[in-house]
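Dear colleague,

Please find below the structure that I would like to hand over to you. My notes on it follow directly after.

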Amino acid sequence: MYVCMCHAVTEDQVKKAIDGGAGSPRQIAKGCKAGTDCGSCVRRIQALLGEHGARPCPTARLAAKLGLADPEVQDAPAPAVSKPGPPAPIAPVAPLRVA
């Protein structure tokens with residue numbers, strides 16, 4: 001099955017790159033160019049990395065949310081999320097005049 005249509009890269013090619021030591025989408029892109037054009041395949045590449053034991057997430061916080069982080073990172077308290085305030089009022093718009 002194709003992972004990257006832009007460069008005709010298959011899942012087998014990505015898996016071989018992972019087995020060869022690639023541990024991130026960027027490292028896979030260096031070898032086969034998958035993920036360097038439109039970017040729609042990067043999520044699938046990250047999933048393949050996760051399935052093969054590599055760490056697919058770009059940040060530790062995202063990895064913690066997905067349950068992929070190290071135990072000491074998961075034990076850290078999550079940052080507080082502020083709630084957005086009410087929307088700003090919309091100014092009235094004057095009608096256009098046609099000359």
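**Overall picture**

The accessible surface of the chain comes to about 7,800 Å², and carbon and sulfur atoms contribute 57% of it. Please bear in mind that this is a predicted model. Of the 99 residues in the chain, 21% count as buried. The chain has two strands and five helices, and its elements follow the order β-β-α-α-α-α-α from the N terminus on. Among the contacts in the chain with a separation of 6 or more, 38% are made by residues that are 24 or more positions apart.

**Helix α2 and its two sides**

Helix α2 spans residues 25-32, and its buried residues are Pro25, Ile28, Ala29 and Cys32. These buried residues lie on the same side of α2, because they cover an arc of only 105° around the axis. The other side of α2 carries the exposed residues Arg26, Lys30 and Gly31. The cover over the buried residues of α2 includes the strand β2 (9-10) and the helices α1 (11-19) and α3 (42-51).

Directly after α2 comes Lys33. Lys33 belongs to the loop between α2 and α3, and its phi is positive, about 70°, although Lys33 is not a glycine.

**A second positive phi**

Ala8 is likewise not a glycine, yet it has a positive phi of about 50°. Ala8 sits in the loop that lies between β1 (2-4) and β2. With a relative accessibility of 43%, Ala8 counts as partly exposed.

**Salt bridges**

Side chains of opposite charge can pair when their charged atoms come close. The structure holds three salt bridges, and I describe them in turn.

In one of them, the side chains of Lys15 and Glu11 meet, with an N to O distance of 3.8 Å. Lys15 and Glu11 are four residues apart in helix α1, which means that about one helical turn separates them. Their accessibility can be stated for each: Glu11 is buried, at a relative accessible area of 13%, whereas Lys15 counts as partly exposed, at 26% relative accessibility.

Glu11 also forms a salt bridge with Arg44, where the closest N and O atoms are 3.0 Å apart. Because Arg44 lies in helix α3 and Glu11 in helix α1, this pair ties together parts that are 33 residues apart in sequence. Arg44 counts as partly exposed, its relative accessibility being 31%.

Arg44 has a further partner in Glu51, and the closest N and O atoms of that salt bridge are 3.5 Å apart. Glu51 is exposed, with a relative accessible area of 52%, which is over the 50% cut-off.

What do these shared partners produce when Glu11, Lys15, Arg44 and Glu51 are taken together? The salt bridges join the four residues into one network.

**Where to look**

When you open the model, I suggest viewing two places. One is helix α2, with Pro25, Ile28, Ala29 and Cys32 buried and Arg26, Lys30 and Gly31 exposed on the other side. The other is the pair of Arg44 and Glu11, in which helix α3 and helix α1 are tied together.

With kind regards

Note on methods:
Residues are numbered from 1 along each chain as its sequence is written. This is a predicted model: local features need pLDDT of at least 70, side-chain atom pairs count only at pLDDT 80 or more; totals for chains, interfaces and linings use all residues. Side-chain values use heavy atoms; hydrogens and water are left out. Buried means under 20% relative accessible area, exposed over 50%, partly exposed in between (1.4 Å probe, protein chains only). The arc is that of the directions from the helix axis to the C-beta atoms. Contact means heavy atoms within 4.5 Å. Accessible areas come from the Shrake-Rupley method with a 1.4 Å probe; for residues, only the protein chains shown count as cover.
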